[in-house]
Each structure stands twice: as structure tokens, then as C-alpha cells.
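Trainee: I have a model open and would like to practise reading it with you. Could we go through it feature by feature?

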Amino acid sequence: MTRTGWHPTEQYLIGPERVQELFPILNMEKVLVGLYNPGDGHIDPYSLTMALAAGARKYGALLNYPVQVTNLSPRSDGTWEVETPHGIIRTNRVVNTAGFWAREIGKMIGLHHPLIPVHHQYVVTSTIPEVKALKMELPVLRDLEGSYYLRQERDGLLFGPYESPEKMKLQESWVTNGVPPGFGKELFESDLDRIMDHIEAAMEMVPVLKQADIVNTVAGPITYSPDILPMVGPHQGVRNYWVAIGFGYGIIHAGGIGKYLSDWILGGEPPFDLIELDPNRYGKWTTTQYTAAKARESYGFNNIVGYPKEERFSGRPTERVSGLYEVLKSKCSMGFHAGWEQPHWFYKPGAEIGYKPSFQRTNWFEPVGREYKQVMEKVGVIDLTPFGKFIVKGNDSVKLLDHLFANVIPKVGSTNISHMLTPRGQVYAELTVSHLSPGEFLLVTGSGSELHDLRWIEEEALKGGYNVKIKNITDEMGVLGVAGPFARKVLQKLTTEDLSDSAFKFLQSRHIKLSDISATAIRISYTGELGWELYHRQEDSAALYNVIMEAGQEEGIDDFGTYALNTLRLEKAFRAWGAEMNCDTNPLEAGLEYFIKLNKPADFIGKQALKQIKEKGLKRRLVYLTLKTANVDPEGNESVWHNGRVVGNTTSGNYSYGTQQSLAFAYVPTELSKVGQKLEVELLGINYSATIVEEPLVLTEQARTRLQKKGGSAKV
């Protein structure tokens with residue numbers, strides 16, 4: 001609900017009287033409140049399909065059906081040959097929209113799309129006198145507790161349940177043996193026993209069902225991805241191959257997705273950010289077994305309440321685990337990141353352990369505060385292995401990266417933070433770029449952006465004919481972060497390399513040995529504290545972790561997880577891709593001017609568009625807020641209010657353990673973006689007072705050191 005103010009989706013919380021007015025045949029003893037969506041409804045899929053087809057023909061599309069695709073053949077120039085019994089079609093690109101045949105289309109080119117058919121049943125009743133007597137059509141009813149939807153079907157009712165993971169049924173034979181030849185409008189055999197609990201729940205909520213006759217039970221296939229969300233867009237590793245598959249809710253998405261894809265294909269970039277639908281969020285770790293386990297979970301959880309920081313545990317761990325997983329799994333609460341298990345927060349004796357979902361602060365709150373203090377006052381170690389990691393090298397590597405990135409290319413032995421922009425000047429990605437040796441670069445991105453970013457880099461390299469080699473080393477390389485005031489002291493015990501500030505400066509990188517373990521050390525830390533990221537062979541992770549922990553005993557070394565890391569980066573006002581910046585934002589409104597070099601000679605992607613954006617002026621800006629809250633903190637996507645109206649939205653937020661208050665980033669109109677501006681942020685239906693403050697709340701270690709050298713006071 002808190003998102004509806006800035007992302008308009010008309011819906012209202014309504015009381016029992018209004019619920020009964022809209023749906024007079026409900027058992028009101030079971031109703032406390034309702035969430036009403038006036039624009040909700042239903043449509044006949046066949047009629048809609050024919051209407052969309054007619055519209056496509058009107059604008060020049062050629063539709064041939066039924067036509068079986070027997071093979072796909074990519075050509076060296078990036079075009080395709082689509083083989084059918086009626087001949088070969090040559091095309092510039094292929095868009096796989098094949099529904100429950102999508103896996104088989106993918107297999108033709110060696111891709112294993114993580115999709116599985118689910119048996120979904122719905123029941124249609126005969127005429128019900130109470131329904132026939134209604135003067136207006138009933139709205140679609142969704143009962144989360146009973147896990148079903150129910151709507152009017154002529155003078156009767158139609159309802160469809162979502163069974164529990166234990167009771168629902170997958171059509172796994174289609175995954176192993178393929179869809180039976182000729183299958184089209186056929187249905188599965190119904191099984192009322194499997195949904196009887198839901199039928200009884202519906203009868204309790206809508207008592208007229210008890211006297212109704214069931215005239216039809218429909219059981220058909222719907223296609224699920226592991227997380228229930230579809231896969232939409234170009235696929236990494238295969239040129240000009242696009243997908244729009246895995247639509248668990250079917251025809252409802254047709255018009256919107258069709259326009260989204262056509263705009264992207266014609267415009268060369270997504271019209272708006274839908275990273276959660278990126279087909280490249282999955283990888284080789286997404287096995288058939290994982291897909292089946294997650295589909296069961298997602299289907300069974302279709303009607304549960306979702307919480308902030310939600311974790312779902314089916315199918316975990318995947319085969320993609322870091323070299324530290326076995327060492328750390330019993331010590332912490334793990335989170336799921338692109339197939340990896342990564343520590344969110346660590347346990348201590350007497351703590352309430354495990355995953356405890358809540359809309360408010362829960363069992364992680366105090367331990368995360370302890371980890372925050374650990375990094376600020378001593379030294380902490382974090383497993384950062386899930387980072388996406390690529391090596392780019394070759395004669396044209398500098399030219400390629402200069403074309404891709406808005407920042408300058410770092411010198412050999414140096415690192416910087418760089419952004420890839422779209423042609424419209426939006427932020428497609430943020431990476432750290434390290435120049436390891438002449439013409440050889442290490443590129444690092446967030447775990448969820450690995451193949452998303454790699455696809456863009458590979459495509460631009462191919463389009464431009466650059467002489468480079470690009471290698472994804474994400475699974476080969478482990479990463480440990482060591483951060484805190486004693487980080488240098490601990491690591492210096494393990495190496496002969498001089499780690500002093502003068503010898504190993506901030507944003508420098510080099511190959512070192514730590515207790516005979518080779519690593520690429522980069523002096524950088526998302527905590528904003530003194531620290532290094534240590535890139536090493538995955539098989540060396542446990543040994544490296546152990547020697548670091550042993551070396552740091554005197555300094556009181558300990559673990560910290562991603563929850564503490566997020567608090568630390570927010571206090572330093574560090575932006576995060578996917579939150580403060582994405583394909584919906586430009587780097588100027590996101591406050592990234594420092595990293596954008598409009599005066600560099602290279603005509604990087606988005607440069608001309610960004611110049612025009614700068615010339616026209618900004619309509620909104622990212623601001624930094626402190627909030628007065630009560631046992632609840634912003635997470636992102638909350639509405640920002642001013643004078644009784646919604647003026648913007650938060651992008652991320654957390655509790656600041658250093659300043660004992662909540663904080664958040666938010667986008668607001670430029671006229672409301674000045675320091676000192678009073679606003680409100682809506683959390684759990686309550687508007688909390690917020691103030692725009694100068695960023696950061698806590699200076700980075702580098703900034704504090706510079707201030708101290710000048711005789712100033714550090715802002716901690």
C-alpha cells in the first residue's frame with residue numbers, strides 16, 4: 001500500500017460495510033477489512049488473443065499458424081534461420097514466446113530455460129439463485145487465508161485454488177520427455193480431492209457455494225519459473241535471441257510485455273527498468289531439480305503475506321556455494337544471492353537464531369548493531385564471493401571500456417568505480433574496474449547483475465568489432481572483504497608486501513601473497529572503512545579465511561554480514577545499483593557526477609543524451625533523509641509526502657547504528673531537494689517526519705584521515 005502513492009495502482013483499504021456492499025454474498029463474520037482494486041477484472045483469453053492478432057496484422061505483422069518450429073540455426077552475422085515443415089524463415093532475431101514449449105525451443109540452441117508446467121485447477125458452478133439475483137457483477141475475490149481466487153461466471157461462480165507445496169502437482173515428464181506431440185487445447189485429468197481443503201474454505205467464506213452444483217472442473221498447464229516471475233528480454237550468450245516466457249498468470253501480461261519488448265528491440269534499450277524479469281538472473285546453477293523445488297514453493301506460497309528481507313528456502317543450497325559455505329553455515333543466517341548462499345548476519349551464544357520475518361525490527365537487529373560496531377572499532381571479515389567477476393583483455397580492451405564506461409579508464413595498478421549508461425543516458429550498470437596489467441582488466445559487479453552486465457559488454461564488443469577476450473570468472477574466484485581500523489595491521493602480519501598508506505594507496509590493486517596464498521588485493525571497501533577486497537581461487541577460500549581469522553585474534557577480529565554492510569554503506573551515502581540507480585534514472589539526478597566524465601575524449605554510450613539532460617535541467621534529485629520512527633525502518637519503495645500529497649519515493653533505507661536514527665535515500669522534485677527540507681515517509685500506514693540532511697552521516701575513513709591531517713574534526 002505504501003507504494004501506491006508514487007507508483008499509481010488504484011487500490012484502497014475498505015471496511016466491512018463497503019466489502020459487503022461490493023460482495024453481498026460473503027460471510028461477514030470472517031471479514032475484518034478488504035483491499036479493493038477497482039480496475040481488477042477478468043477477460044476471455046481466446047478473444048483477447050484474437051484481438052491482439054488482428055491488431056498485429058493491421059500494422060503489418062505476418063502470422064502463420066499452426067506452424068511447428070523444428071530447428072533454430074544462428075548465422076555468423078547474428079541473424080537466424082528458423083526451420084519449419086513449410087520451409088526456412090530468415091530473421092534478424094528470434095523471440096521465444098512459446099509458452100510451455102519454451103524449454104524445447106531453448107534446447108535447440110543448447111539453452112535450458114528453468115521452466116516447469118504446473119497443474120492448475122479451477123471449478124465452475126451451475127447457476128446460483130443468489131448470484132443471478134445480483135444487480136451488479138461481483139468483483140474478483142482473493143482470499144489469502146484460503147489460498148484461492150473466486151469470481152462470477154455468468155450466473156454462477158468460478159474459483160481456483162493454489163494448493164500447498166506438498167499437495168500441488170508438477171508435470172515433470174514434460175521437462176524430461178518434452179511436451180507430447182500435438183498437445184494444444186487438451187486438459188489434464190481433474191483431482192478434486194487435491195483441492196478439497198480450499199473448496200471447504202471457499203464455502204465458509206461464500207456460503208452459497210454449499211448448495212451449488214459443480215458443472216466443470218478444468219485442470220490445465222501453467223508454466224512456472226523458480227520465482228514465479230517471467231523471463232523477458234535478450235539472453236546472454238546467444239546473439240539476437242530474446243525470450244518472453246514463464247508467465248505463471250498467462251494472458252494478463254500479453255499487451256504490456258509485447259509493447260515492452262518491441263520498444264526495447266526498436267530503441268536499443270529497455271523503456272523502463274524490469275531487472276526482476278531479466279532472463280539472465282538464472283544460470284547454470286538453475287538445475288531441473290532446483291526449478292521443480294522452487295516452483296512447488298512459489299505456487300504454494302502464491303497467497304502468503306510477503307515480508308521485508310524475505311527468504312524462501314526450497315532448493316537451497318544450490319550447487320553454487322562459496323568455499324566458505326561449510327565453514328560459515330552454522331554460524332549465521334544465510335541469504336540467497338543469484339544462487340549463492342551469503343551470510344546476512346551472525347549468531348552469538350544466547351541469541352535468537354534463524355529466520356524470523358517481520359515488518360518491524362526482529363531478531364537480526366541487535367546482532368547487526370554488534371557487527372556494525374565490530375567494523376567501526378576493530379576489524380571484520382565478510383564473504384563477498386557472489387560478486388560477478390569478469391576478465392577483459394586484448395589489444396582493444398582500453399578502447400572497448402572507454403566506449404562502455406562514463407568514467408576514465410584507470411591506470412595500471414589502479415581501480416575506479418564506473419558506470420555503463422544506455423543510449424538515453426540511464427544507468428545500465430555500476431562496476432569496479434581494476435587495471436591489473438597493460439590491457440588486462442578485472443571488472444566486478446553485484447551478484448544479481450552478473451549475466452545482465454556481461455551480456456551488455458559482450459554485445460557491445462561484438463557490435464564494435466573490438467579485438468578482446470571476455471571471460472566470466474565468477475565461479476572460479478572467491479572474494480573476502482577485510483575492513484575496519486585494524487584491517488591493515490591484521491593483513492600485514494600475513495604478507496611481505498608493504499600495506500602502509502603511502503605504499504598501498506586507496507583504490508590501488510596488486511597481486512600479493514597472504515601466508516603463501518595468492519590473491520589480487522584491491523584497497524576498497526563498500527563499508528567506507530579502511531579495507532581490502534581479496535580475490536583468490538575459490539578452493540583457497542577456507543584456508544585464506546582461517547589464516548586471516550587467526551592473525552586477527554589479538555585485534556578482536558570477527559565476522560560480519562550483508563545487513564551490517566548495507567548499514568555501513570548507507571551511513572557513508574554510497575549508492576547501490578538497483579536501488580538508487582537503474583534504467584529508470586540518470587546519473588546526474590542520482591548524484592553520480594563525480595564518476596561521469598563528460599569531457600573525456602571517448603564518445604561513450606549515453607554521452608550525448610546526458611549532455612542534453614544536463615542542458616535541460618533536472619526535474620528530480622536523490623536526497624538523503626533522516627527519520628524519526630518507532631521500531632520500523634525504511635527499506636525502499638515507500639511513498640514520500642509533503643503538504644498532504646505524495647512527491648516521491650524512497651529507494652533504500654536502514655537504521656543508522658552510528659547516529660541512532662533511521663535513514664533513507666529518496667527521489668523528490670528538485671524544488672524540494674534542499675538540505676533542511678521537511679518531508680514525511682510513509683511506513684506501515686504511518687507518516688513519519690523526515691529531514692533532508694547533508695550527506696554523508698558518517699565520513700569515510702579516507703575523508704576522516706584527510707580531515708585529521710588538516711587538523712579538523714572527523715564526522716563519525
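Trainee: How many aromatic pairs does the structure hold?
Mentor: Good place to begin, and keep in mind that this is a predicted model. Rings of Phe, Tyr and Trp pair if their centres lie within 6.5 Å. By that cut-off, the number of aromatic pairs in the structure is 31.

Trainee: Which class of pair do Phe100 and Trp101 form: stacked, edge-to-face or tilted?
Mentor: Their ring centres are 4.4 Å apart, and the planes make an angle of 45°. Planes under 30 degrees apart count as stacked and those over 60 as edge-to-face, with the rest called tilted. The pair of Phe100 and Trp101 is therefore tilted.

Trainee: Is Phe100 buried or exposed?
Mentor: Its relative accessible area is 18%. The cut-off for buried is under 20%. Its partner Trp101, at 35%, counts as partly exposed. Phe100, by contrast, is buried.

Trainee: And what kind of pair is made by Trp364 and Phe365?
Mentor: Here the centres lie 5.9 Å apart and the planes are at 65°. Trp364 is buried at 10% relative accessible area, and Phe365 is buried at 12%. An angle over 60 degrees sets the class, so this pair is edge-to-face.

Trainee: Which residues do ring pairs link into a cluster with Trp364 and Phe365?
Mentor: Trp364 and Phe365 form a pair, and ring pairs carry the cluster further. The other members are Tyr372, Tyr563, Tyr655 and Tyr657.

Trainee: At what angle do helix H10 and helix H15 pack?
Mentor: H10 covers residues 365-377 and H15 covers residues 562-571. Their axes are 9 Å apart. The arrangement is oblique, because the angle between H10 and H15 is about 60°.

Trainee: Which residues of H15 make the contact with H10?
Mentor: The crossing of H10 and H15 is right-handed. From H10, the contact uses Val368, Glu371, Tyr372, Val375 and Met376. By class, the residues of this contact are seven nonpolar, one polar and two charged. On the H15 side they are Tyr563, Ala564, Thr567, Leu568 and Glu571.

Trainee: What is the handedness of the crossing of H11 and H12?
Mentor: Helix H11 spans residues 397-404 and helix H12 spans residues 450-463. Their axes come within 11 Å and cross at roughly 120°. The crossing of H11 and H12 is right-handed.

Trainee: How many nonpolar residues does the contact of H11 with H12 have?
Mentor: H11 brings Leu400, His403 and Leu404, while H12 brings Trp456, Ile457, Glu460 and Ala461. One residue of the contact is polar and one is charged. The number of nonpolar residues is five.

Trainee: Let's turn to the backbone. Which residue does a cis peptide bond join to Tyr65?
Mentor: The omega of that bond is about -5°. The residue in question lies in the loop between helix H2 (45-58) and strand S3 (71-74). It is Pro66.

Trainee: What is omega for the cis peptide bond of Arg316 and Pro317?
Mentor: Pro317 is found in the loop between helix H8 (288-300) and helix H9 (325-328). For the bond that joins Arg316 to Pro317, omega is about -5°.

Trainee: What is the phi of Asp516?
Mentor: Asp516 sits in the loop between strand S23 (509-514) and strand S24 (517-522). It is exposed, with a relative accessible area of 70%. Although Asp516 is not a glycine, its phi is positive, at about 70°.

Trainee: Where is Asn631 found?
Mentor: Asn631 also is not a glycine, yet has a positive phi of about 60°. At 36% relative accessible area, Asn631 is partly exposed. Its place is the loop between strand S27 (620-627) and strand S28 (639-642).

Trainee: Which residues does Ser500 touch, not counting residues up to four places away in sequence?
Mentor: Ser500 is in the loop between helix H13 (487-492) and S23. It counts as partly exposed, at 21% relative accessibility. Its C-alpha is separated by 9.3 Å from that of Lys489, eleven residues away along the chain. The residues Ser500 touches are Arg488 and Gln492.

Definitions and conventions. Residues are numbered from 1 along each chain as its sequence is written. This is a predicted model: local features need pLDDT of at least 70, side-chain atom pairs count only at pLDDT 80 or more; totals for chains, interfaces and linings use all residues. Side-chain values use heavy atoms; hydrogens and water are left out. Axes are lines fitted to C-alpha atoms, for helices over the stretch in contact, and angles run from 0 to 180 degrees between N-to-C directions. Helices (H or I, at least four residues) and strands (E, at least two) are DSSP runs, numbered from the N terminus. Angles under 35 degrees count as roughly parallel, over 145 as roughly antiparallel, 65 to 115 as roughly perpendicular and the rest as oblique. A crossing is left-handed if the near helix is turned anticlockwise from the far one by less than a right angle, and right-handed if clockwise. Contact means heavy atoms within 4.5 Å. Ala, Val, Leu, Ile, Met, Phe, Trp, Tyr, Cys and Pro count as nonpolar, Asp, Glu, Lys and Arg as charged, and the others, Gly among them, as polar. Rings of Phe, Tyr and Trp (its six-membered ring) pair if their centres lie within 6.5 Å; planes under 30 degrees apart count as stacked, over 60 as edge-to-face and the rest as tilted. Buried means under 20% relative accessible area, exposed over 50%, partly exposed in between (1.4 Å probe, protein chains only).
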